[in-house]
Amino acid sequence: MPRALITGITGQDGHHLAEFLHGKGYDVYGMIKGQNNPRAAKLQEEMPFVELIPGDLADLPSLVAALQIAQPDEVYNLGAISFVALSFSQAELTANTTGLGVLRMLEAIRMVGGAQNNPIRFYQASSSEMFGQVRETPQTELTPFHPRSPYGCAKVFGHDIVVNYRESYDMHASSGILFNHEGPRRGIEFVTRKISNAAARVKLGLQHELVMGTLDAKRDWGYAGDYVEAMWMMLQQDEPDDFVISTGETHTVQEFVEKAFAHAGLEDWEQYVRQDPKFFRPAEVDLLIGDSAKAKAVLGWEPKVGFDELVKMMVDNDLALEAAKANRS
Ligand code: NAP
């Protein structure tokens with residue numbers, strides 16, 4: 001059985017990827033940080049097949065130990081401070097985890113190595129936030145980076161160091177430049193889930209307004225379940241490389257709000273939504289739209305879930321969750 005180690009196992013993508021790899025017959029190991037991580041118990045309940053190993057991207061010896069225990073064929077580095085807003089207030093932590101964490105994992109892989117004829121393959125979770133103030137539209141693997149947040153800057157470092165280690169040490173290290181991807185497992189702090197959850201709670205009479213930052217930003221939103229398949233596909237290639245993973249469609253935050261509220265049966269969304277400058281970022285990313293033609297041609301990857309279906313999936317999930325919570329209390 002192939003073996004995979006996933007960092008960021010408790011996050012949205014970690015859940016989806018663990019399920020996906022388990023379905024493919026992998027032994028799945030997940031790195032878990034902290035001495036009493038509150039998300040560990042829930043994860044084990046949902047996915048008892050995942051073997052949890054302690055470790056932190058800020059701590060090289062723990063990464064070496066995790067690799068020695070898991071002995072993986074493939075490492076998926078999904079762990080990060082991934083919330084752009086938090087990266088502005090905790091920029092150093094973000095640089096250390098999201099940026100330097102990649103370097104540490106690459107070094108750990110070089111130290112542990114893997115089987116002689118089967119060196120460890122590495123996937124890095126790069127991000128469309130690296131394009132920031134975009135230099136061209138749509139964005140491809142060749143579009144120059146211009147990050148607009150400490151998160152984006154840290155991801156650029158992570159991306160570049162993967163290219164450097166691939167070229168310097170002949171490592172099988174690939175990066176997926178993933179555009180925003182969402183779903184019912186998205187953390188509540190992220191804008192799409194904040195919206196779907198608010199639409200559900202307003203519908204159920206549990207909340208009366210949704211306070212937002214910018215409504216004008218445009219994003220290329222796909223479904224996380226589709227995107228983790230692309231990660232796996234990259235590591236099955238003979239040669240490592242970088243791939244943009246996106247839908248090729250862009251929508252404003254306002255469109256997400258409109259569709260979410262309408263799906264919850266609330267046509268007049270403006271009645272419930274208020275903007276507050278406290279949610280504006282010091283520097284905003286106005287427009288992201290990706291061109292994933294290379295992934296289609298080389299990997300045979302294409303997104304399956306469209307924007308409307310994604311919004312509905314998230315609102316339906318939050319309606320069910322919030323109704324169940326209300327019934328329990
Ligand atoms: P997420 O839900 O925020 O999950 C982040 C994960 O990183 C959590 O499991 C978290 O663990 C872990 N983590 C944080 N600090 C760590 C540390 N010091 N050491 C080890 N693990 C640590 O993120 P996601 O949406 O699943 O995204 C997965 C990856 O893809 C991230 O790197 C993200 O930046 C990148 N990405 C995401 C998107 C997107 O739209 N979702 C787009 C492009 C790129 P705890 O639960 O213990 O805090």
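Me: If a helix is a DSSP run of H or I that covers at least four residues, with helices numbered from the N terminus, in which helix is M111 found?

Reply: M111 is found in helix 5, which spans residues 91–112, and you should keep in mind from the start that this is a predicted model. The C-alpha atoms of M111 and L67 are separated by 9.7 Å, although these residues are 44 apart along the chain.

Me: Is M111 buried or exposed?

Reply: A residue is called buried under 20% relative accessible area and exposed over 50%. M111 has 54% relative accessibility and therefore counts as exposed. For a contrast, look at H251 in strand 14, residues 251–252, which at 12% relative accessibility counts as buried. The side chain of H251 also makes a polar contact of 2.7 Å with the side chain of E249.

Me: How should I read the pairing of strands, and which strands does strand 1 join?

Reply: Two strands pair if at least two bridges are found between them, and you can then ask in which sense they run. Strand 1 runs parallel to strand 2 (residues 27–32), with five bridges joining them, and it also runs parallel to strand 4, with four bridges. I6 is a good residue to follow here, since its bridge partner in strand 2 is G30, while in strand 4 it stands opposite Y76. From strand 4 the pairing continues to strand 7, again in the parallel sense and over four bridges, with N77 opposite Q124.

Me: Where else do strands run parallel with four bridges?

Reply: Strand 8, residues 172–178, is joined to strand 13 in that way, and L178 stands opposite I245 there.

Me: Which residues of strand 4 lie on each side?

Reply: Side chains in a strand can be sorted by the way they point, and each side can then be checked for burial. In strand 4, E74 and Y76 lie on one side and V75 and N77 on the other, and all four are buried, so that both faces are covered in the sense of falling under 20% relative accessible area. Strand 13 (residues 242–245) can be read likewise, with D242 and V244 pointing one way, F243 and I245 the other, and all of them buried. Strand 1 is mostly covered, with four of its five residues buried.

Me: What is the general idea behind a nonpolar core, and which members touch the most others here?

Reply: In soluble globular proteins, nonpolar side chains tend to be buried together. The largest nonpolar core in this model has 30 residues, and I6, L21, Y76, Y123 and I245 touch the most other members. The elements that each supply at least two residues of this core include strand 1, helix 1, strand 7 and strand 13, but helix 8 gives the most, with eight residues.

Me: Which residues come nearest to the ligand?

Reply: There are 28 residues around the ligand, and T10, N37, R39, S82 and Y151 come nearest. By class, this shell has ten nonpolar, twelve polar and six charged residues. Helix 1, strand 7 and helix 6 each supply at least two residues of the shell, and the largest share, three residues, comes from strand 7. Looking at single atoms, a polar side-chain atom of S82 lies 2.6 Å from an oxygen atom of the ligand, whereas for D13 a backbone N or O atom lies 2.8 Å from a ligand oxygen. The protein covers 91% of the 900 Å² of accessible area that the ligand has on its own.

Me: How do I read backbone angles, and where is there a cis peptide bond?

Reply: Most residues other than glycine have a negative phi, and most peptide bonds are trans. The peptide bond from T137 to P138 is cis, with omega near -5°, and P138 lies in the loop between strand 7 and helix 6. Q71 is not a glycine, yet it has a positive phi of about 45°. Q71 lies in the loop between helix 3 and strand 4 and is exposed, with a relative accessible area of 54%. D170, also not a glycine, has a positive phi of about 60°. D170 has its place in the loop between helix 6 and strand 8, and with a relative accessible area of 71% it is exposed.

Technical notes
Residues numbered from 1 in each chain as written. Predicted model: local features only at pLDDT ≥ 70, side-chain atom pairs only at ≥ 80, totals over all residues. Heavy atoms only, no water. Near = heavy atom within 4 Å. Polar contact = N/O pair within 3.5 Å; in protein donor to acceptor, adjacent residues only side chain to side chain. Areas by Shrake-Rupley, 256 points an atom, 1.4 Å probe, with all protein chains shown as cover. Nonpolar A, V, L, I, M, F, W, Y, C, P; charged D, E, K, R; others polar. Buried < 20%, exposed > 50% of the residue type's maximum accessible area, 1.4 Å probe, protein only. Core = buried A, V, L, I, M, F, W, Y, C linked by side-chain atoms within 4.5 Å.
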